[in-house]
Amino acid sequence: MKTTGMTLATALFLAGAAGAEEVHVYNWSDYIDESLLKKFEDETGIKLVYDVFDSNEILETKLLAGGSGYDVVVPTGSFLQRQIQAGVFQKLDKSKLTNLGNEWEMVAERTQKYDPGNEYSVNYMWGTTGIGINVAKVKEALGDDAPVDSLALVFDPKNMEKLAKCGVHMLDAPTEIIPAALKYLGENPDAQDYETIAKVEPVLTAIAPFVQKFHSSEYINALANGDICVAFGWSGDVLMARDRAAEAGNGVVIEYHIPKEGALMWFDQLAVPVDAPNPEGALKFINFMLDPQNAAAASNYVYYANGNKASQEFLNEDVIGDKAIYPDDATMANLYTMSPWDPKVNRQVTRLWTKIKSGT
């Protein structure tokens, strides 16, 4: 939900209410049940100003510039780690997070890779990065034996050339695509040296001409509407597209597949910038989202797993019972995580990614 321009009447009302408490939240697009926003306001009396972004890079630019004006932000784990080291966040006063005991230990243990002791953040959602398909169109393009559960679907140019006719979108996120391409090549997806990372260049250069768009949110509606046949994206986004297509009754059948070679397991974390205007209000919002029923409402809407163990009794069966959202133990064992690249490698990767997308 993006904020919109205000009328004069609204501006005058707000001016009259100067001093009223506000909490400014900056979250990913399509990433919360919007009824929770009003519920928070009703329960706390705090005005919630809610803005959205669709890439970690956009969020990081605002955070590193300072003075973002936000009280709660939602970076992905590998970005969070780098931002903690840069002094971007303040430690959480856990004595004020009375719902913290609802955390899922399995998730909290994994997020410590990015935030030792989980001192600066708590998990909001987690998921995998994989393959969304329009079942009928992919079958038409590649036949009944299309490798829909393999990275070969999107990294083999022979497949991509055929799929280009019905449309392919990929995340505009090198931190997602490059580890997957490394996995496809049989390399360590968490490689930190640029020599290894650079091995993806010929693979990605070969398929880039067949990618209709690199974008980190437009593929949701494009899949749901039948405008594209494949998206390499985030699990919940693809499942949201599946749900929207089903609701529309447009005959589009969407599936999400975790690649059999392995997939990135990522974590989006609630954190408070060091210069947050209202850190106390920020903690109230985080504690609100740690309530089991609120966490469940968010997951039931966005089709992502959350790090709140106590919420699981409130999850819809099509969420908690879907192995694409809550994978079985064997699949979980095959998921990998990614560490942030150091600044020099990150600059090299940024140049490489720009080169791949532009084709120059």
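# Close-up views of a predicted model

**Figure 1. Glycine G186 follows helix α9 with a positive phi.** Just after α9, the phi of G186 is about 85 degrees. The model is predicted. Helix α9 spans residues 174-184 and is mostly covered. Of its 11 residues, 9 are buried. They are P174, T175, E176, I177, I178, P179, A180, A181 and L182. An α-helix has 3.6 residues a turn, so residues three or four places apart point the same way. The buried set in α9 includes P174, I177 and I178. The cover of α9 also takes in E176, a buried residue of this helix.

**Figure 2. D190 sits in the loop between α9 and α10.** Helix α10, on the other side of this loop, covers residues 194-197. Is D190 buried or exposed? D190 has a relative accessible area of 17%. The cut-off for buried is under 20%, so D190 counts as buried. Which residues does D190 touch, beyond those up to four places away in sequence? The contacts are K113, T337, M338 and S339.

**Figure 3. Y336 in strand β10 is buried and has contacts with P179 and A180.** Strand β10 consists of residues 335-336. The relative accessibility of Y336 is 10%, so this tyrosine counts as buried. Neighbours within four places in sequence are left aside here. The contacts of Y336 then include P179, A180 and K183. P189 is also in contact with Y336. A further set of Y336 contacts is G262, A263, L264 and M265. P179 and A180 are themselves among the buried residues of α9. For scale, take V73, which is 263 residues from Y336 along the chain. The C-alpha atoms of Y336 and V73 are separated by 24 Å.

**Figure 4. A disulfide joins C166 and C229.** How many disulfides does a search of the whole structure find? The search finds 1. The sulfur atoms of C166 and C229 lie 2.0 Å apart. The link is right-handed, with 65 degrees about the S-S bond. C166 belongs to the loop between α8 (157-163) and β5 (168-170). C229 belongs to the loop between α12 (219-224) and β7 (230-234). The pair therefore ties together parts that are 63 residues apart in sequence. Both cysteines are buried: C166 has 16% relative accessibility, and C229 has a relative accessible area of 0%.

**Figure 5. L163 in helix α8 touches disulfide partner C229.** Is L163 buried or exposed? With a relative accessible area of 0%, L163 is buried. Residues up to four places away in sequence are not counted in its contacts. L163 then touches V138, A141, L142 and L153, among others. The list also holds V168, C229 and V230. Residues 168-170 form β5, and residues 230-234 form β7. A second distance gives the scale: L163 and L335 are 172 residues apart along the chain. Their C-alpha atoms are separated by 26 Å.

**Figure 6. N118 and Y303 have a positive phi without being glycines.** Most residues other than glycine have a negative phi. N118 has a phi of about 45 degrees. This asparagine lies in the loop between α5 (105-111) and β4 (121-134). Its relative accessibility is 8%, so N118 counts as buried. What is the phi of Y303? The value is about 60 degrees. Y303 is found in the loop between α15 (292-302) and α16 (317-320). Like N118, Y303 is buried, with a relative accessible area of 6%.

**Figure 7. The whole chain gives the setting, with 18 helices and 10 strands.** The C-alpha atoms fill a box of roughly 60 × 50 × 45 Å along the principal axes. A compact globule of 360 residues would have a radius of gyration near 21 Å. The chain has 21 Å, which agrees. Of the 360 residues, 55% count as buried. Among contacts with a separation of 6 or more, 75% come from residues 24 or more positions apart. The accessible surface comes to about 15,200 Å². Carbon and sulfur atoms hold 50% of that surface. How many positive and negative side chains does the chain have? There are 30 positive and 50 negative ones. The centres of the two sets lie 5 Å apart.

How values were computed: Residues numbered from 1 in each chain as written. Predicted model: local features only at pLDDT ≥ 70, side-chain atom pairs only at ≥ 80, totals over all residues. Heavy atoms only, no water. Disulfide = S-S within 2.5 Å. Helix = DSSP H or I, 4+ residues; strand = E, 2+ residues; numbered from the N terminus. Buried < 20%, exposed > 50% of the residue type's maximum accessible area, 1.4 Å probe, protein only. Rg over C-alpha atoms; globule rule 2.2 N^0.38 Å. Contact = heavy atoms within 4.5 Å. Areas by Shrake-Rupley, 256 points an atom, 1.4 Å probe, with all protein chains shown as cover. Lys, Arg positive; Asp, Glu negative; His and termini not counted. Charge placed at Lys NZ, Arg CZ, Asp CG, Glu CD.
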